[in-house]
Amino acid sequence: MKISIRRSRRAALAVALGSVLALTATACGDDGSSAGGDKGAEGSGTGKIVFWDNNGGVRTDIWKEIIADFEKANPDIEVEYVGIPATDYQSKVDTAIQGGGLPDVGGVGAAMLAGFAAQNALEPLDDRLAKSSLNGKLNKDMVTSLTAAGGGDGKLYSIPTSANNGVLYYRTDLFKKAGLDEPTTWDKFYAAAQKLTNSGKNEFGYTIRGGAGSIAQALDAMYGQSGITSFWDADGEKTTVNDPKNVAALEKYAALFKKVTPAADLNNDFTKMVAQWDSGTIGMLNHNLGSYQDHVKALGTEKFRGIPQPVGSSGKRVQVSNPVDGMGLFKSSKNKEAAWKFIEFATSHAENSKFNEAAGQVPSNNDAAKDAWISEAEPTKLAAAALSDGSTTIVQLPYYLPDWNTISKADNEPNFQKVLNGDMSAKAFLDTMAGQLNEAQAEWASRNG
């Protein structure tokens, strides 16, 4: 599959729940000379493999625990762990695809899957899964989501590990003190954000994500308020991102910045945003299930709740899809048999449950999804219910577009900061992104029509 000119340049330089990896020079299981397109080899099934974690730092401890379990069960295989921050991961992999040095195994979620697959960097996993003890044990919707995100060839390039979902966390103690209702609707959300703000006392109603990862959160707020339920028009050619209703929704949402939010939010990625909320007096935070345990450690379970996203004026909840996360086997690996054993082990019942309990996400392994801890983690339980009771419509984001991760991050995060600062209108921002998306969609359709 050919990759777009814009993305080639950049690379050269560098589902709903239940229904829905510092880089080192030696980070490769071979001599580090492999590049995208290298066919690799099955290997002996023993020896050393390298694993790149796509959320290094945040997930390092739990992955090291899983690796220790794996090495105990497979004493003839050594796993080298390389943790890469989520914000750096795509560029690290793109650089390694072009210049060599890919690992054997890496975290490959839906949002970046098509781009890696388009560069011929990933091994198709359908046959391995069919012959595996995992066959029939993985959530079908997560498998379907990752298959669809592969770029359109119908192949599975990543084995799902978990699914996530957007959550509105709010400080129950602050709401009670202010006499506020739970922010179950967008109207209640805006009213609470205003009432809980006293900037003179460094108290704010909300923390907005203005740094890395801001676009997905903005899209969730837009579609949640507008009620638009599809990312594309009826013909599947033009995005609804810049629909007037979404423009109005973004204008209202972006206007929260510095009025009811800290000014530091402009540069906050999720780790800074979460830490700020956990240590301060901010009323509400939009993130996902993954930060639940951080909040419990900081606040206990009595001072906050995590509930599904607010409901719109129609009485229906609309939210954008969260990318399913997974593990990919890089085609250039010279030890694919051992690498596959690691993937298989990490997504087994016990290890998948252990990982997702630590991450606060929904397991891909069906048996793990039945474990008791899920019903004890309230946001996970509430999110799962909201996505199965008919109250929620999911707007499926186009993870299948090779350019999606670039458009939704590098190309437009700086522009979103301009919107927050008042240097760019919401309409101009969304029109720019819509133009890029429509071009990417047309290019994809011409290759896959």
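This dialogue reads two helices and one strand residue in a predicted model.

Biologist: What span should the 23 residues of helix H20 have at 1.5 Å a residue, and how far apart are its end C-alpha atoms?

Modeller: The expected span of a helix is 1.5 Å times one less than its number of residues. For H20, residues 426–448, that gives 33 Å, and the end C-alpha atoms are 32 Å apart, which agrees.

Biologist: Which residues of H20 are buried, and what covers them?

Modeller: An α-helix has 3.6 residues a turn, so residues three or four places apart point the same way. In H20 the buried residues include Ala426, Phe429, Leu430, Met433, Ala434, Leu437, Ala440, Gln441 and Trp444. Their cover includes helices H10 (214–226), H11 (244–254), H18 (404–407) and H19 (413–421).

Biologist: How many of the 13 residues of H10 are buried?

Modeller: In H10 12 of the 13 residues are buried, so this helix is largely enclosed by the rest of the structure; among them are Asp220, Tyr223 and Gln225. From first C-alpha to last, H10 reaches 18 Å, close to the 18 Å expected at 1.5 Å a residue, and after H10 comes Gly227, whose phi is positive, near 80°.

Biologist: Turning to strand E12 (residues 392–395), where Thr392 lies, is Thr392 buried or exposed?

Modeller: Buried means under 20% relative accessible area, and because Thr392 has a relative accessible area of 15%, Thr392 is buried.

Biologist: With which side chains does the side chain of Thr392 make a polar contact?

Modeller: One polar contact of the Thr392 side chain is with the side chain of Arg317, at 3.1 Å, and another is with the side chain of Ser391, at 3.4 Å.

Notes:
Residues are numbered from 1 along each chain as its sequence is written. This is a predicted model: local features need pLDDT of at least 70, side-chain atom pairs count only at pLDDT 80 or more; totals for chains, interfaces and linings use all residues. Side-chain values use heavy atoms; hydrogens and water are left out. Buried means under 20% relative accessible area, exposed over 50%, partly exposed in between (1.4 Å probe, protein chains only). A polar contact is a pair of N or O atoms within 3.5 Å; within protein, one must be able to donate a hydrogen and the other to accept it, and residues adjacent in sequence count only if both atoms are side-chain atoms. Helices (H or I, at least four residues) and strands (E, at least two) are DSSP runs, numbered from the N terminus. Contact means heavy atoms within 4.5 Å.
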